[in-house]
Amino acid sequence: MNRSKLTPNQLLSMAAHEMRSPLTCIKGYLTAIKDGVVSDEGKDKYLGIAIEEADKLIDLLEQVMTISRLDEMLTSPQKEDFDVSELIRRVIIEKYNDIEAKGHSISAELPDVAIAFADKLLIKKVIANLVENAIKYTPQGGNITVSTHDDGDKFVITVRDTGVGIKDEDLPHIWDSFYRSTANDPTLYKGHGLGLSIVKEILTSHGESIWVESEYGKGTAFRFTLSKQK
Ligand SMILES: Nc1ncnc2c1ncn2[C@@H]1O[C@H](COP(=O)(O)OP(=O)(O)O)[C@@H](O)[C@H]1O
Ligand SMILES: [Mg+2]
């Protein structure tokens, strides 16, 4: 079975499973506070954790909603000419707070204008997911580079980081829904393993390719193709 694409039932059952643990945790902390068994100092800490767990649930819901809408969006993609350099700059601006919060530096090596032909909203999701991963899987003070290269027929867009890297044995699985490398501490790197399956599905349906090069402990580069303006 191609695990990168789940049936709606599989998606629902896996998402429900993923929701149980944050919800149990939130309920536990709130109950402890209500029962008055937590000191004032502990209260702040518990509420902080409950908020973090709620954020996780929101992320998960957003990704599951994206996936459930994806089939429809992919059967009638709204393809148009757009400037991918501008789109990349916009994603970087939107993620800038997260980039700064981790003390990363980011550079963009982009042509002034690079007109591609694709569903702009979906390609924005692709770029945003790859940049989010680069930010997340790079320890404090790393470097992220986003570049566009003109390959003649197509553009090739690269998102590179100086992060934790991916082990060879994980590489074939990272595109699967809900797959997360066991090499990474889940308390340090939060997520549900849905981002790359969404990325892959969007690009595959566009007839584009994506590939990854990674050195464990050194960093990762994701590269994907994009058709030029018609
Ligand atoms: N830039 C990256 N550096 C290191 N590992 C990565 C990177 N991007 C993705 N991965 C690995 O691939 C897995 C799947 O990524 P993704 O589907 O986006 O899920 P999530 O971000 O929720 O963990 C991650 O859990 C991580 O193990
Ligand atoms: Mg991700």
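1. A starting point in this predicted model is a single pair of residues: A108 has V146 in strand β4 as its bridge partner. The two strands concerned are β2, covering residues 105–109, and β4, covering residues 143–150, and they pair in the parallel sense over 5 bridges.

2. Although β2 is paired in this way with β4, the number of buried residues among the 5 residues of β2 is 0, so this strand lies largely in the open.

3. Turning to the chain as a whole, the division is into domain 1, which runs over 1–76, and domain 2, which runs over 78–230. The centres of domain 1 and domain 2, taken over C-alpha atoms, are separated by 24 Å.

4. Between the domains, 15 residues of domain 1 are in contact with 13 residues of domain 2. On the side of domain 1 that touches domain 2, α1 (8–34) and α2 (40–75) each supply at least two residues, and α2 gives the most, with 9 residues. By class, that side of domain 1 has 7 nonpolar, 3 polar and 5 charged residues.

5. The helix α2 also deserves a look together with helix α6, residues 195–205, since the axes of the two come within 11 Å and cross at roughly 10°. An angle under 35 degrees counts as roughly parallel, and α2 and α6 are therefore roughly parallel to each other.

6. Where these helices meet, Q63, T66, I67, L70 and L74 in α2 face I198, E201 and S205 in α6 as contacts; by class, the contact of α2 with α6 has 4 nonpolar, 3 polar and 1 charged residues.

Key
Residues numbered from 1 in each chain as written. Chains lettered and ligands numbered in written order. Predicted model: local features only at pLDDT ≥ 70, side-chain atom pairs only at ≥ 80, totals over all residues. Buried ≥ 20, exposed ≤ 12 C-beta atoms within 10 Å, placed from the backbone. Helix = DSSP H or I, 4+ residues; strand = E, 2+ residues; numbered from the N terminus. Pairing = 2+ DSSP bridges. Domains from an automatic or database assignment. Contact = placed C-beta atoms within 7 Å. Nonpolar A, V, L, I, M, F, W, Y, C, P; charged D, E, K, R; others polar. Axes fitted to C-alpha atoms, helices over the stretch in contact; angles between N-to-C directions. Parallel < 35°, antiparallel > 145°, perpendicular 65-115°, else oblique.
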